[in-house]
Amino acid sequence: MQYTSKMFNQMKYKSRTTHNWQVWAIYMIFAANLSEEQVLKQACPSCGATEVCNCSARGLDFIPPGLTGKITVLNLAHNRIKHIQSQDLQQAVNLRALLLQSNNISSIDADSFRSLGKLELLDLSNNSLAYLYPAWFGQLFSLQHLHLQGNSYRDLGESSPFSSLRNLSSLHLGNPWFSTIRQGNFEGIALLDKLWIDGGNLSQYEPGSLKSFKKINHMIINIRNTNVFSAIIRDLLHSVAWLEVRDIRLEIEKETLVQNATLPFRIQKLTFRDASFTDQYMSRILVLLKDITSLVELEAIDCVLDGKGEWDIKEIARSGKSFVETVSLKNIVIQNFHLFFDLEGMESQINQLKRLTIASSRVFMVACKLAKHFSSLLYLDFSDNLLVNNRLKETICEGAWPSLQTLNLSENSLKSLKNTANSVTRLPKLINLDISQNNFGEMPDVCEWPENLKYLNLSSTQISEVTACIPPTLEVLDVSANNLRGFELQLPFLKELYLTKNQLKTLPGAVAIPNIVVMSVRGNKLNGLSKEEFVSFKKMELLDASDNSFICSCEFLSFIHHQAEIAQVLVGWPDEYICDSPLAVRGAQVGAVHLSLMECHRSLVVSLICAVVFLVILVLVAVGYKYHAVWYLRMTWAWLQAKRKPKRAPPKDICYDAFVSYSENDSDWVENIMVRELEQACPPFRLCLHKRDFVPGKWIVDNIIDSIEKSHKTLFVLSEHFVQSEWCKYELDFSHFRLFDENNDAAILVLLEPIQSKAIPRRFCKLRKIMNTKTYLEWPRGEDRQEMFWENLKGALKS
């Protein structure tokens, strides 16, 4: 029993120990992973948020740990990494692009890239790799682009390091120390889109080394050794479509370039860049290139010709005709270009040319005799040279360039548009003419042009207006970057019009250019577009009106928001259409701006507000008239005026016995009967009548209040006329209420005729109340009772 218990305790202890160890191991792994993630975030802050991890130029000397499968692009360029280890990229299984250029990488473990089966781009250029090992690339089955140039390896090894790269599309290799290419170095690669070999010091080339390629679309090779160059050309005749040779210093080659080669050849274009030629080699190379019967395009860029054109014309002529159809010479430096020969005798070599470009090469003319032999030339580019109008007249002499359809004379020194037009009239088949970036300054009223001219480029020629000098046959016209403020030419066949960077404030009229399909008014001073302008162009398919100072008015925005097809027509919509004003929406995209009803229809809203206010006032006036609001307001004002005066004038200021208030319709009884009876009594009574006693020019209400205050009594002569009288009479009556408030005995009521209490308007509330509570005198119709009336009235006035 004791043994069993002891054994159980030992097993329990052992189990607990094992469990603790497992927890500790899991914790350590978790902590290590957490530490790696922190290191990665510190080294490359962008790695945590997106699939693109940019760690370039951060001073790293190692590949940061913690890379995961979510990363597809890893940029570690321009750091100080020296070594790539097996585990560095083990978890980055979904990488598509790995950029390691411009580091100090000198060693790579054999299986460093084994997990990168999805990698498409690997850039190891400009490092310190002394050797290339096939094991590095063995598992990169998806690799399409491999850059290895700028390292320190001298050769590619004894065999091909690229044999497993079946999907490779572009390969860049070589460096200043690269000297040897052996047979078998490129085995396994049959097709390439681009091959670039930096072989400036390439001195050993085993013939046949590049024959393993079945097709290369574009090959670039930096090379100085002429013999190696010849051997490479022989190997590439059947595979390369475009061969570009850089930095070569050509020497005289005696052997043919197609020695022992069989037709058909594939090479169609040959480019020399940064090359140097002598007169002697030019003669020889022109002869040798004729052997490559597939060659149709010859190009020289940034090259130097050390000579004056003293070519062996006879040898060139004896070698037969050239198959080249396109020649491009760009930025050719001829030290003594002014002494260069006119190449007389080359006529047989140029009559098959169809395209000729001589750009940026200080050409100032072509001899007329030579120009006449370009019988098949369709395209001629003389851009960025030294042509002036006098030399142009000699270059385009009568009978020269008989088949020419396209002529580019841009960036020369032409000054006269009229003379330029006269010169090109000698080209009967000319369709396209580019004379942009010449300083014409002004445009004459009338010019002569070739009858078939369809395209004319007059951009950047300093013209300020267009005239009838423009040929009416044009289908395409470019007058961009000038100082034009308007465009009103009649061009019935015009389909494309380019007016970029001018001073236009409105679109050209559609009537003058009814067939326009494409138009650009970008970078002008347009404030907006209207529906009428837009709809008037019946055939418009593309309109570039971007980069203008748009005023986002209601009319413009209404057109933009309600024209459904605007997005299909406007080029750059909506990103490049920005409001310049009003200030509240400056910088906002035109399509995103929506103005309020008040901003868009201000006059209508103001009119509606005015109409509503007028109606409200009209209603208030009507209601006020019906319920006598004006009367109440005016009487309230009078009452307030009266309140500011003393409640009772001093006795010394009492001037009248009574103030008489009466209707104008009752004036005959008051003035002829009552006044005579009272003012002629003994003693006489002094009465205050508004007709005779009011102060002229004084406000009537003030006269009323002053008269009442200066009177001992107020005598009301009541009748139907009194209670139905005009507004000013009501103001008089209202003023009496002040006396009613102070002392009802100061009022004496005389009824000339019976008045029903209910007939008195409600605004005479005080009067209604007095008539219901106070005794009043009635004027009797019988004369026998009138004496008693006067006695009672006099008694009331004396009380």
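This briefing describes one protein chain, beginning with the chain as a whole and then turning to two groups of strands and a helix residue. The structure is a predicted model, and its protein chain contains 22 helices and 35 strands. Of the 799 residues in the protein chain, 46% are buried.

**The chain as a whole**

- When the contacts with a separation of 6 or more are considered, 61% of them are made by residues that stand 24 or more positions apart in the protein chain.
- The protein chain exposes an area of about 40900 Å², and carbon and sulfur atoms supply 53% of that exposed area.

**Strand 14 and its two partners**

- Strand 14, which covers residues 269–273, is mostly covered, since four of its five residues are buried.
- Strand 13, made of residues 240–246, runs parallel to strand 14, and five bridges join the two; within this pairing, Arg246 has Arg273 of strand 14 as its bridge partner.
- Strand 14 is also joined by five bridges to strand 16, residues 297–301, and these two strands run parallel as well.
- Arg273 appears again in this second pairing, where its bridge partner in strand 16 is Ile301.
- As a general point to keep in mind when looking at strands, the side chains of a regular strand alternate between the two faces of the sheet.

**Ile285 in helix 4**

- Helix 4 spans residues 279–289, and Ile285 is found in this helix.
- Ile285 has a relative accessible area of 4%, and because buried means under 20% relative accessible area, Ile285 counts as buried.
- Ile285 and Ile316 are 31 residues apart in sequence, while the distance between them in space is 9.5 Å from C-alpha to C-alpha.

**The five-stranded open sheet and helix 22**

- Five strands form an open sheet in the order 32-31-33-34-35, and their pairing is parallel.
- The edge strands of this sheet are strand 32 (687–688) and strand 35 (777–778), each of which pairs on one side only.
- Within the sheet, strand 33 (residues 711–718) pairs with strand 34 (residues 747–751) in the parallel sense over five bridges, and Leu749 in strand 34 is the bridge partner of Phe716.
- Helix 22, which comprises residues 783–798, lies across strand 31 (656–661), strand 33, strand 34 and strand 35, and the helix runs at about 165° to strand 34.

Definitions and conventions: Residues numbered from 1 in each chain as written. Predicted model: local features only at pLDDT ≥ 70, side-chain atom pairs only at ≥ 80, totals over all residues. Heavy atoms only, no water. Buried < 20%, exposed > 50% of the residue type's maximum accessible area, 1.4 Å probe, protein only. Pairing = 2+ DSSP bridges. Contact = heavy atoms within 4.5 Å. Axes fitted to C-alpha atoms, helices over the stretch in contact; angles between N-to-C directions. Areas by Shrake-Rupley, 256 points an atom, 1.4 Å probe, with all protein chains shown as cover.
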